[in-house]
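Biologist: I would like each label in this model set against the rule behind it. Please give the cut-off, then the value, then the conclusion.

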Amino acid sequence: VPGRTRPGPAEGGGSSNPSKRHRERLNRELERLAELLPFAPDVVAGLDKLSVLRLSAGFLRARSFFGGKGWARSQRFPRSQFLPGTFGRGLFPMISSLPQALNGFVLVVTSEGLIFYSSHTIQDYLGFHQVDVMHQSVFELIHTEDQPEFRRNLHWALDPPRTPEGEPSPAGKSLGSSAVIYKPDQLPPENSSFLERSFVCRFRCLLDSSSGFLALNLQGRLKFLHGQNKRSEDGSVLPPQLALFAISTPLQPPSILQIRTKNMIFRTKHKLDFTPLACDAKGKIVLGYTEAELRMRGTGYQFVHAADMLYCAENHVRMMKTGESGLTVFRLLTKDNCWKWVQANARLVYKNGKPEYIVVTQRPLVDEEGGEHLRKRSMHLPFTFATGEALLYQSAHPLPGFPDLFQSKGKPSRSKKPSCSQVGRSQENGIDPRSLLGAVMQQDKAVY
């Protein structure tokens with residue numbers, strides 16, 4: 001309209017772009033929401049926006065479960081009751097210590113197959129962190145051949161609705177599309193023996209080096225999930241539905257070696273060139289370093305044994321191409337100058353369709369296990385290197401499709417261990433300190 005002036009930006013707004021202001025407000029609220037989640041800061045720092053919303057919804061549903069039973073009025077659950085990484089200890093006080101005492105983890109799955117709750121010890125058996133599975137479909141973790149059996153045990157009469165021919169299976173459809181809503185008077189009482197469950201299913205496992213799946217025995221019963229306040233299409237409140245409350249234990253008893261190391265699984269975060277960024281509390285105990293000491297070394301290959309570097313680098317290149325490294329067994333240098341065998345699985349984390357950083361789940365091994373893996377590795381043919389090694393192998397050819405991923409930003413990192421003469425000699429010889437050869441030359445000879 002002629003003569004009308006455009007209104008200026010609102011006070012406190014750093015931009016006249018409404019979309020940008022909206023995104024900034026949304027990001028601030030998501031950051032506040034993430035800080036309220038009962039997880040350790042290093043876990044929260046690695047969550048994307050959708051994961052924050054997903055975990056918040058799962059947390060509120062768990063709170064509502066006790067609110068629906070009338071416990072919320074008589075008992076409060078302040079955030080101080082939640083220990084880092086142990087989501088649910090305050091909400092599930094009766095099972096807070098069970099996962100530590102049992103050879104297994106606690107799993108609660110709704111009738112439509114949504115993971116309502118999982119104890120943090122799921123990481124010790126499957127390698128998935130608690131935040132990776134909460135409020136997700138359980139069928140994404142179960143072997144395809146075992147999904148019908150799991151779905152059958154979610155149904156109170158062991159008779160889930162049949163899928164018409166030509167239609168996708170319920171596991172491939174949206175959650176809730178395969179669930180049948182029942183009224184409480186249509187179901188047996190909660191103490192009925194018909195609701196007890198004991199069956200075996202194969203779950204995806206990042207720690208199992210044989211087939212990628214671990215056979216678990218799920219033993220428990222179906223119980224009503226109160227306080228969910230779900231509504232039907234006409235807006236009426238639906239009655240509580242049954243959910244599977246079970247303890248999942250490995251079908252094969254663990255060995256003594258597995259028992260000794262299962263509780264020390266740790267996770268680290270790295271740049272795309274494997275430079276360390278963060279380490280959780282268990283990792284600090286195993287390796288002895290603080291996060292600052294890990295970051296100041298520069299490339300993460302300075303912590304890897306020289307005999308394992310090519311093996312790790314080959315899996316590193318595979319991860320850059322496929323998104324996951326597969327199981328990798330190698331030696332890491334601890335702060336007291338000892339070598340610690342670990343079994344690791346690294347995966348890329350994407351943001352806006354581009355790889356942003358690497359998350360590595362690592363399980364400490366005893367020397368006997370590590371030596372066995374080393375003997376198996378030495379029996380294979382020498383490593384095959386084609387294209388794509390680039391900076392890792394002091395090559396002049398960049399990674400195809402990743403031209404600028406390994407470019408360092410800011411000031412170069414310095415190491416306390418190597419002497420100035422070692423670093424200067426490597427630079428004089430034209431050796432990139434971020435390459436494998438540069439990493440070896442910066443290591444202290446005393447560690448060998």
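Modeller: Helices and strands here are DSSP runs, numbered from the N terminus; a helix is H or I over at least four residues, and a strand is E over at least two. By that scheme Gln343 lies in strand β9. The model is predicted, so local features need pLDDT of at least 70 and side-chain atom pairs count only at pLDDT 80 or more, while totals for chains, interfaces and linings use all residues. Residues are numbered from 1 along each chain as its sequence is written, and side-chain values use heavy atoms, with hydrogens and water left out.

Biologist: Why is Gln343 called buried?

Modeller: Buried means under 20% relative accessible area, exposed means over 50%, and partly exposed is in between, with a 1.4 Å probe and protein chains only. Gln343 has a relative accessible area of 3%, so the residue is buried. Its C-alpha is 5.6 Å from that of Thr328, although the two are 15 residues apart in sequence.

Biologist: What makes β7, β6, β10, β9 and β8 a sheet, and which strands are its edges?

Modeller: Two strands pair if DSSP finds at least two bridges between them. Strand β6 (residues 266-270) and strand β10 (residues 354-364) are joined by five bridges and run antiparallel, so the pair meets the rule of at least two. Within that pair, Lys269 stands opposite Val359 in β10. The open sheet has five strands, in the order β7-β6-β10-β9-β8, with antiparallel pairing. Its edge strands are β7 (276-279) and β8 (324-333), since each pairs on one side only. From one strand to the next, the twist averages 30 degrees.

Biologist: Which helices pack on the sheet, and what do they touch?

Modeller: Contact means heavy atoms within 4.5 Å. Angles run from 0 to 180 degrees between N-to-C directions, and axes are lines fitted to C-alpha atoms, for helices over the stretch in contact. Helix α11 (residues 309-322) touches β8, β9 (339-351) and β10, and its direction makes about 150 degrees with that of β8. Helix α12 (residues 367-378) also packs on the sheet, touching β8, β9 and β10; the angle between its direction and that of β9 is about 70 degrees.

Biologist: Why is the pair Glu29 and Arg32 called a salt bridge?

Modeller: The rule asks for a side-chain nitrogen of Lys or Arg within 4 Å of a carboxyl oxygen of Asp or Glu. The closest N and O atoms of Glu29 and Arg32 are 3.5 Å apart, so the pair falls within 4 Å and qualifies. The two residues are three apart in helix α1 (residues 18-36), which means a separation of about one helical turn. At 45%, Glu29 is partly exposed, whereas Arg32 counts as exposed at 54%. By this rule the count comes to 12 salt bridges.

Biologist: What does Arg202 pair with?

Modeller: With Glu145, Arg202 meets in a salt bridge at 3.1 Å, N to O. This pair links distant parts of the chain, 57 residues apart: Glu145 is in the loop between α6 (130-133) and α7 (147-154), and Arg202 is in strand β3 (residues 196-204). Arg202 also forms a salt bridge with Asp146, the closest N and O atoms being 2.8 Å apart. Here the separation along the chain is 56 residues.

Biologist: Are Glu145, Arg202 and Asp146 buried, partly exposed or exposed?

Modeller: Glu145 has a relative accessible area of 59%, so the residue is exposed. Arg202, at 28%, is partly exposed. Asp146 has 13% and is therefore buried.

Biologist: What makes a group of residues a nonpolar core?

Modeller: Such a core is a set of buried Ala, Val, Leu, Ile, Met, Phe, Trp, Tyr and Cys residues joined through side-chain atoms within 4.5 Å. The largest has 32 residues, of which Leu126, Val138, Phe150, Phe203 and Leu218 touch the most other members. Elements giving two or more residues to this core include β1 (105-110), α5 (122-126) and β5 (241-250). Its largest share, four residues, comes from β4. Apart from neighbours within four places in sequence, Val138 is in contact with Val109, Gly113, Ile115, Phe150 and Phe203. A second, separate core has 29 residues, among them Phe266, Leu272, Tyr301 and Leu333.
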